[in-house]
Amino acid sequence: MTTTKTKPITPAMRTVEELSIEDLSNSNYRLGFSSQKDERAEQFAWVAEGLAGLYAHYNRVYFGGRLPTFRIVAAEPKTFFITGTYEEESSTIYVYLTDRIWIELLRETLIHEMVHVSIASGEHDERFRAELHRVAEMGHEDAAYDDWTKSEGWNGTFRSAEEKDRWEARLERSSEWGSPDFIDDNGDFVVKEEDDPYLRRVEVRGHVAAQPVPSGARP
Ligand SMILES: [Zn+2]
């Protein structure tokens, strides 16, 4: 059984040219996107392509390959706190990217939306929770974290104290998005790129995106 336990986070200011499935599955750092429109569109398409590969991988490992193929679209966020949505009619998952985004959040968003696909419902009802829990129990770290954050009394799926420590650290990372030390009321970053130790700027050079920039995106 494949698990998605992540490697420890190592601060590194560097660029990434290839976002492999391996990288997406196991690593965590902040991806940084260009503010320049064309570059950004290309970078978004590249992330979407990586996530489409991860969708296929998760489908095989956690859903027995029974999920229908969904198109993954990486788009500008509509509302700051919504990280993804899924659209049954068009078989599309939208993942919303901010200027800098943790890879673990991309994974969590993807598996969350895949659980919606699996139950063919956008509700967060008992069926949703049961399916999320099932995937978590199979060893999917991000599903387990998602399950934990949604659980009453913060119990959720956890199997060890060490795991809970990881999730608490993760919760702290995610809460910095709401912190005025990191991001202001307009959603602009207060911390400069060069002072952000976890940032890796995405460089896409000569990469031919397999997926055209969708009309739904607003790059
Ligand atoms: Zn949802």
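How many of the 10 residues of helix H5 (residues 141-150) are buried? In this predicted model, eight of them are, and H5 is therefore mostly covered. The buried residues are Glu141, Asp142, Ala143, Ala144, Tyr145, Asp146, Asp147 and Trp148. They pack against three other helices: H3, H4 (126-137) and H6 (161-175).

To place these helices, take the chain as a whole. It contains six helices and seven strands, and from the N terminus the elements follow the order β-α-β-α-β-β-β-β-α-α-α-α-β. The chain has 219 residues, of which 34% are buried. Among contacts with a separation of 6 or more, 62% join residues that are 24 or more positions apart.

One part of the fold that can be followed strand by strand is an open sheet of three strands, in the order S3-S5-S4, with mixed pairing. S3 and S4 are at the edges and have a single partner strand each, so each has one side without a neighbour in the sheet. From one strand to the next the twist averages 20°. In a regular strand, side chains alternate between the two faces of the sheet.

The two pairings of S5 run in opposite senses: strand S3 (residues 71-75) pairs with S5 in the parallel sense, whereas strand S4 (residues 84-87) runs antiparallel to S5. The parallel pairing has five bridges, and the antiparallel one has four. On the S3 side, Arg71 stands opposite Thr92 in S5, and Ala75 has Tyr96 of S5 as its bridge partner. On the S4 side, the bridge partner of Glu87 is Thr92.

How enclosed is strand S5 (residues 92-96)? Four of its five residues are buried, so S5 is largely enclosed by the rest of the structure.

S4 and S5 form a hairpin with four residues between the strands. Within that hairpin, Ser91 has a positive phi near 50°. Glu88 also lies in the loop between S4 and S5. Why does Glu88 count as partly exposed? It has 13 other C-beta atoms within 10 Å, and a residue is exposed with 12 or fewer but buried only with 20 or more, so Glu88 falls in between. The C-alpha atom of Glu88 is 7.5 Å from that of Val117, although the two residues are 29 residues apart along the chain.

Two helices lie across strands of this sheet. Helix H2 (residues 37-62) lies across S3 and S5 and runs at about 145° to S3. Helix H3 (residues 103-119) lies across S4 and S5, at about 30° to S4.

H3 is also one of the helices against which the buried residues of H5 pack. It is mostly covered, with 15 of its 17 residues buried. From its first C-alpha to its last, H3 reaches 25 Å, close to the 24 Å expected at 1.5 Å a residue. An α-helix has 3.6 residues a turn, so residues three or four places apart point the same way. After H3 comes Ala120, which has a positive phi near 50°.

H3 thus appears in two settings: it lies across S4 and S5, and the buried residues of H5 pack against it.

Notes:
Residues are numbered from 1 along each chain as its sequence is written. This is a predicted model: local features need pLDDT of at least 70, side-chain atom pairs count only at pLDDT 80 or more; totals for chains, interfaces and linings use all residues. Two strands pair if DSSP finds at least two bridges between them. Two residues are in contact if their C-beta atoms, placed from the backbone, lie within 7 Å. Axes are lines fitted to C-alpha atoms, for helices over the stretch in contact, and angles run from 0 to 180 degrees between N-to-C directions. The expected span of a helix is 1.5 Å times one less than its number of residues.
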